[in-house]
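Here is a walk through one protein model, from overall fold to single residues. Keep the structure open as you read.

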Amino acid sequence: MGAEREQPDTPGYQRLAAWQRAMDLVEAVYAVSREWPRDEQYGLIGQARRAAISIPSNLAEGHGRSGKKEYAHHVSIAFGSLCELETQLLIAGRLGYLGRDQLAPLIERIAEVRRILLGLLRSLRAPSDNLLS
């Protein structure tokens, strides 16, 4: 997955590894959720897709804000959406919508995005404000 990467006039947020991996995760969530039951269209499918979309969207919005504090706030929101997505995928697994062979790579992608987001948050927060260490 993952379409074209960086072009010469690519906005700064699109160069972020966190944004790129989050976009890959969006594609993966859309791909697997296409197979879920139709009666979940406005339930779990919609929620999982919205949570997935929220991750790169908040990274982009935060990157476009004027200060580190606002940027960190949006990265934190993206992190919350990532946790929400992980829960929704685990629910899909429990309901039998995802097999272990489908769920495991998604959880690995989430773990990768989580590590990157935590690193980004640490870099944006002042040492005295760093609650994640």
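**From fold to core**

Along the sequence, the protein chain runs α-α-α-α. That gives four helices and zero strands. Bear in mind that this is a predicted model.

Start with the whole chain. It has 133 residues, and buried ones make up 39% of them. The protein chain exposes about 7,700 Å². Carbon and sulfur atoms supply 51% of that area. Now look at the contacts between residues at least 6 apart in sequence: 65% of them join residues at least 24 apart.

Next, go inside. In soluble globular proteins, nonpolar side chains tend to be buried together. Here, the largest nonpolar core holds 36 residues. Which members touch the most others? They are Leu25, Trp36, Ile55, Leu59, Leu85 and Leu117. Four elements each give two or more residues to this core: helix 1 (17–33), helix 2 (44–63), helix 3 (68–94) and helix 4 (100–124).

Pick out Ile55 and follow its contacts. Set aside its neighbours within four places in sequence. Ile55 then contacts Ala22 and Leu25. Its other partners are Ala78, Ser81, Leu82, Leu85 and Val113. Two of these partners, Leu25 and Leu85, are listed with Ile55 among the core members that touch the most others.

Finish with Glu27, a residue of helix 1. Is Glu27 buried, exposed or partly exposed? Its relative accessible area is 33%, so Glu27 counts as partly exposed; the buried class lies under 20% and the exposed class over 50%. Glu27 and Ile53 are 26 residues apart in sequence. In space, their C-alpha atoms are 9.4 Å apart.

Methods:
Residues are numbered from 1 along each chain as its sequence is written. This is a predicted model: local features need pLDDT of at least 70, side-chain atom pairs count only at pLDDT 80 or more; totals for chains, interfaces and linings use all residues. Side-chain values use heavy atoms; hydrogens and water are left out. A nonpolar core is a set of buried Ala, Val, Leu, Ile, Met, Phe, Trp, Tyr and Cys residues joined through side-chain atoms within 4.5 Å. Buried means under 20% relative accessible area, exposed over 50%, partly exposed in between (1.4 Å probe, protein chains only). Contact means heavy atoms within 4.5 Å. Accessible areas come from the Shrake-Rupley method with a 1.4 Å probe; for residues, only the protein chains shown count as cover.
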